[in-house]
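Here's a walk through how the pieces of this model fit together, starting inside one chain and then moving out to the pair. Have the structure open as you read.

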There are 2 protein chains.
Amino acid sequence: MNAPSRVWNTLQANRAQRLQRARAALGCALDGKVLPAAHIGDLLHGVLECGDRVCLEGNNQKQADFLGQALARLDPARINGLHMLLSVLALPEHLDVFERGVAARLDFSFSGPQAARVAKLVAAGKLNIGAIHTYLELFARYFVDLAPRVCLVAAEAADRHGNLYTGPNTEDTPAIVEATAFKNGIVIVQANRIMETLPRVDIPGDWVDFVVQSPRPYYIEPLFTRDPAQISEIQVLMAMTAIKGIYAEYQVERLNHGIGFDTAAIELLLPTYATDLGLKGKIARHWALNPHPALIPAIESGFVESVYSFGSELGMEDYVRARPDVFSVGPDGSMRSNRALCQAAGHYACDMFIGSTLQIDLQGNSSTATLGRISGFGGAPNMGADARGRRHASPAWLKAGRQAREGRNAIPRGQKLVVQIVETFREHMQPAFVERLDAWELAEQAGMAIPPVMIYGDDVTHILTEEGIANLLLCRDDDEREQAIRGVAGYTAVGMARDKRMVENLRDRGAIVRPEDIGVDKRLATRDLLAAKSMKDLVRASGGLYQPPKRFRNW
Amino acid sequence: MNAPSRVWNTLQANRAQRLQRARAALGCALDGKVLPAAHIGDLLHGVLECGDRVCLEGNNQKQADFLGQALARLDPARINGLHMLLSVLALPEHLDVFERGVAARLDFSFSGPQAARVAKLVAAGKLNIGAIHTYLELFARYFVDLAPRVCLVAAEAADRHGNLYTGPNTEDTPAIVEATAFKNGIVIVQANRIMETLPRVDIPGDWVDFVVQSPRPYYIEPLFTRDPAQISEIQVLMAMTAIKGIYAEYQVERLNHGIGFDTAAIELLLPTYATDLGLKGKIARHWALNPHPALIPAIESGFVESVYSFGSELGMEDYVRARPDVFSVGPDGSMRSNRALCQAAGHYACDMFIGSTLQIDLQGNSSTATLGRISGFGGAPNMGADARGRRHASPAWLKAGRQAREGRNAIPRGQKLVVQIVETFREHMQPAFVERLDAWELAEQAGMAIPPVMIYGDDVTHILTEEGIANLLLCRDDDEREQAIRGVAGYTAVGMARDKRMVENLRDRGAIVRPEDIGVDKRLATRDLLAAKSMKDLVRASGGLYQPPKRFRNW
């Protein structure tokens with residue numbers, strides 16, 4: 001048989017052409033792999049082709065904003081129809097590329113602050129959504145059917161060989177660059193600084209094609225900072241109930257917390273309430289979590305053994321550096337984060353995920369999608385799902401699995417604890433419990449195949465409100481599950497429509513737990529129980545190492 | 001408040017002590033980070049401490065065998081009680097460390113060839129198993145509660161600064177090194193070659209402490225090579241049934257295949273049977289798969305668009321290098337693999353996992369654990385589980401989800417296809433279908449918390465035998481599921497005990513599918529349908545690029 005005649009290196013050949021065009025456009029402006037910021041338009045016009053899949057590093061925190069703005073300024077007559085891959089759409093320029101016609105299609109994970117504008121662009125036919133993903137799912141597709149042709153990422157520093165120092169805010173960068181570089185794509189980096197010698201190399205220069213020194217440091221959002229001053233006494237009560245009714249009950253040692261004041265309250269009760277209950281060393285020892293400032297008092301009190309992070313948090317750099325036994329730091333002393341690996345850790349190495357949501361229906365499905373807003377899910381679906389591939393046992397996992405299988409003819413299996421913590425009414429007296437999720441109508445509006453559910457009722461094990469805990473593991477059928485949910489839904493319409501007798505029966509069986517059933521003393525539920533009551537308290541607890549961003553400094 | 005008095009850098013301080021001891025022991029034998037092979041014992045005695053968690057790179061394929069042997073030769077009076085972390089226990093020295101008392105505890109994923117010896121050491125009290133994991137789960141724990149204090153890994157080449165080239169067989173190395181280096185652990189590497197300039201840098205030297213040039217190249221196992229000559233006509237029939245009854249039925253575009261002749265037969269039928277059915281470009285386009293030699297004809301025929309790999313396969317190097325549009329290759333032209341990311345891809349970016357097993361019970365639970373053998377699960381639990389965090393839709397995923405929810409009051413949700421493909425009798429006429437898995441008895445013998453199930457019946461969607469397909473998605477209760485399984489279990493005792501009327505009813509409903517029901521012509525089920533019938537055919541199909549290891553060359 002003769003050698004096959006088909007050409008098998010179209011990507012390699014195309015890459016060489018792109019590099020040649022770029023080098024021709026840049027000429028002697030290139031120093032090694034480094035070009036001046038003023039030439040970024042030339043580089044992008046040279047390197048890009050219409051219809052390219054382009055991964056722009058929009059992370060949960062760090063943003064390749066300089067490159068994003070440059071992309072949005074391209075001439076749509078020359079470059080158009082791009083298929084954008086972004087884990088997070090956070091900045092206006094992420095949508096300007098669609099508005100201006102440079103891009104046409106989008107696969108993403110989260111669009112929090114831009115959710116309303118995404119919905120408008122979809123309605124106007126300017127933005128075609130491929131799909132909404134959880135982070136690790138989107139990264140996984142970068143390696144299978146969504147390989148980026150070009151990626152635009154952000155680094156703390158680079159050298160002229162293209163070696164990158166991504167430091168504490170490494171986040172998505174390694175996964176994006178690996179997927180691009182090893183599929184003959186082009187890797188372009190904005191760096192805050194060009195240095196002769198880097199503090200450490202996080203990404204080898206061999207994987208990188210071009211580096212541009214950004215005129216200003218990349219934008220970064222302090223997404224995980226919660227001011228303890230805003231925590232309410234209701235939230236203190238809910239935190240007490242969580243600690244006694246779930247953390248202690250299941251001996252939860254490894255966990256992830258969502259963003260929000262509900263879980264910040266729990267973090268601030270570990271050194272006080274949980275310690276008084278004798279739980280130190282028994283619960284909440286290992287965390288998959290960003291360096292939450294609200295965790296400082298728990299760390300200082302010795303409650304926390306380790307924290308592995310998706311990304312960092314502004315102002316926590318010195319504190320993290322001074323606590324290397326707790327955080328993952330490199331030989332240079334600064335933290336390493338990695339969103340892909342930390343999502344794997346959250347999925348497979350944690351016994352519990354606890355987080356808030358906007359709406360919960362009678363089956364326990366929850367969603368942050370509301371009408372006119374296409375917001376995505378972030379990491380919640382990955383961490384708020386039973387990890388069915390998990391095989392190692394722990395007391396929490398075994399107990400949840402036993403409860404779910406009680407009285408059923410099923411082979412023993414553990415289960416992850418997935419807890420939704422919500423007040424029955426959220427801002428503006430919107431009920432958290434609804435008969436029907438807005439997600440249904442949104443799916444219809446936006447032409448989605450199925451409603452965008454953040455966490456499915458099948459995966460939720462507990463719903464916790466100020467009225468108590470609904471333990472869905474102990475519900476034997478859909479009716480019981482519905483009544484257990486109504487039974488903690490307070491004065492919402494859903495809660496008022498409960499079958500009182502069934503709710504009392506569920507309570508007798510432990511499928512509904514009221515704070516008083518487990519000895520939670522409501523009189524103690526005051527802000528005095530918080531280990532820090534203000535940002536200043538957090539700074540003090542850190543021994544002055546934590547330096548909150550300006551907007552959080554009210555002293 | 002004063003600065004806290006607790007010491008927060010014990011790991012850093014301990015790391016410094018270890019490095020100091022090692023440097024003292026090695027003296028001027030060190031050249032940069034490189035030491036001669038003869039000094040490996042000095043290094044390990046210097047660096048290790050009793051009770052350390054030590055991650056030894058035993059991969060599915062690549063083995064840090066030189067370091068493993070050196071570890072097994074240590075003086076147990078000086079170094080003992082080590083807690084070993086290995087994804088795969090493949091070599092005798094992996095167990096010698098327990099036999100000799102150097103190590104005492106083990107967390108792992110797979111122990112195929114050593115499974116019987118593992119069971120014996122457990123029974124003798126010399127080996128204490130922490131847990132058995134799927135690969136990604138074990139890696140996840142490296143970052144949370146099982147951080148290695150010292151890791152021993154293998155590279156293709158290194159330079160004197162410790163930069164590593166791991167090349168096509170990168171496999172587990174990045175995850176292991178990242179977890180160790182960023183928790184102040186010690187990273188030790190055996191390299192086949194020390195070079196002045198590496199083909200490319202896969203792992204930055206900043207993450208590496210010591211490199212030793214191994215006296216011989218690391219051992220590597222051609223685990224994914226299947227000689228087409230050994231494929232039976234029964235397997236051809238099953239492959240035809242799989243292609244028509246599952247791949248075409250669900251339009252499976254992205255998938256993973258297990259190891260084995262059953263799935264190799266499918267790979268070899270894509271260019272013939274599947275192409276005749278007009279399925280080219282419609283199924284099996286994107287793969288999370290090692291470079292299986294049996295996939296060569298499908299690649300050459302243009303059936304396969306992309307393959308992303310966990311590791312490489314011996315003899316496939318030149319072929320892969322010549323097909324860069326299909327495989328993930330770096331700027332240097334050689335492949336990059338990454339087991340952690342490819343397991344994420346298998347979990348989240350694939351619509352189907354199909355693989356074999358040893359035993360299936362009446363609930364569809366399957367296990368490769370048999371009496372007297374503690375074998376572990378490898379990647380199967382991660383890929384053979386519904387990815388409940390997944391949110392992007394595809395036709396296959398939506399259809400499986402619809403079938404699972406038909407007639408139920410449940411919110412729409414997709415589902416992964418998880419197919420078990422087995423002949424009803426395996427070697428030595430052992431039935432593949434059993435009333436009770438051996439895993440139950442093994443759990444009792446070895447003191448496991450729950451029986452070691454590889455894939456749970458809850459996650460299995462189809463069971464395919466020579467008798468047909470049991471579609472568990474369409475079974476409405478445990479009884480139907482049991483009869484659907486009996487209905488494809490052939491002449492095994494489980495199959496003979498079927499309720500014939502119920503089986504026929506299930507067949508009428510499509511919950512059981514016979515080959516003839518979907519127009520699979522059994523007369524075509526001969527070896528003539530295989531696109532390659534021998535190793536030589538595979539070499540020929542590759543245009544001479546594939547170079548099988550000696551033991552597979554029978555010409």
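Start with the domain boundary: 34 residues of domain 1 of chain A are in contact with 29 residues of domain 2 of chain A, where contact means heavy atoms within 4.5 Å. Domain 1 of chain A covers 30-220 and domain 2 covers 228-537, with bounds taken from an automatic or database domain assignment. Their C-alpha centres sit 32 Å apart.

A quick word on ground rules: this is a predicted model, so local features need pLDDT of at least 70 and side-chain atom pairs count only at pLDDT 80 or more, while totals for chains, interfaces and linings use all residues. Residues are numbered from 1 along each chain as its sequence is written, chains are lettered from A and ligands numbered from 1 in the order in which they are written, and side-chain values use heavy atoms, with hydrogens and water left out.

**Between the two domains**

The two domains of chain A bury about 2,400 Å² between them, 57% of it on carbon and sulfur atoms. Buried area here is the accessible area (1.4 Å probe) that two parts lose on being put together, summed over both. Leu136(A), Pro168(A) and Arg200(A) supply 22% of what domain 1 of chain A buries against domain 2 of chain A, more than any other three residues.

On the polar side, there are 4 salt bridges between domain 1 and domain 2 of chain A. A salt bridge is a side-chain nitrogen of Lys or Arg within 4 Å of a carboxyl oxygen of Asp or Glu. There are also 21 residue pairs in polar contact between these domains, both residues at pLDDT 80 or more. For a polar contact, a pair of N or O atoms lies within 3.5 Å; within protein, one must be able to donate a hydrogen and the other to accept it, and residues adjacent in sequence count only if both atoms are side-chain atoms.

Which elements of domain 1 of chain A each supply at least two residues of the side that touches domain 2 of chain A? They are strand E5 (103-110), helix H5 (115-123), strand E6 (128-132), helix H6 (135-142) and helix H7 (173-181) of chain A. Helices (H or I, at least four residues) and strands (E, at least two) are DSSP runs, numbered from the N terminus. H5(A) gives the most to that side, with 5 residues. By class, this side of domain 1 of chain A has 18 nonpolar, 12 polar and 4 charged residues. Ala, Val, Leu, Ile, Met, Phe, Trp, Tyr, Cys and Pro count as nonpolar, Asp, Glu, Lys and Arg as charged, and the others, Gly among them, as polar.

**Between the two chains**

Now zoom out. The contact takes 97 residues from chain B and 96 residues from chain A, and the chains bury about 8,300 Å² between them, 59% of it on carbon and sulfur atoms. Chain B and chain A share 12 salt bridges and 42 residue pairs in polar contact, both at pLDDT 80 or more. Helix H12 (residues 339-348) of chain B gives the most to the side of chain B that touches chain A, with 6 residues. That side of chain B divides into 50 nonpolar, 21 polar and 26 charged residues.

How are the copies related? A rotation of 180° with 0.0 Å of shift along its axis superposes chain B on chain A (RMSD 0.0 Å). The two copies are thus related as by a two-fold rotation axis. The fit is by least squares on the C-alpha atoms of residues with pLDDT of at least 70 in both copies. Of the residues of chain B, Pro204(B) comes closest to the axis, at 3.0 Å (C-alpha). Since 99% of the interface residues of chain B are also interface residues in chain A, the copies meet through the same surface.

**Some salt bridges to look up**

| Pair | Closest N to O distance |
|---|---|
| Glu171(A) and Arg339(A) | 2.3 Å |
| Asp459(B) and Arg413(A) | 2.7 Å |
| Arg117(A) and Asp96(A) | 2.7 Å |
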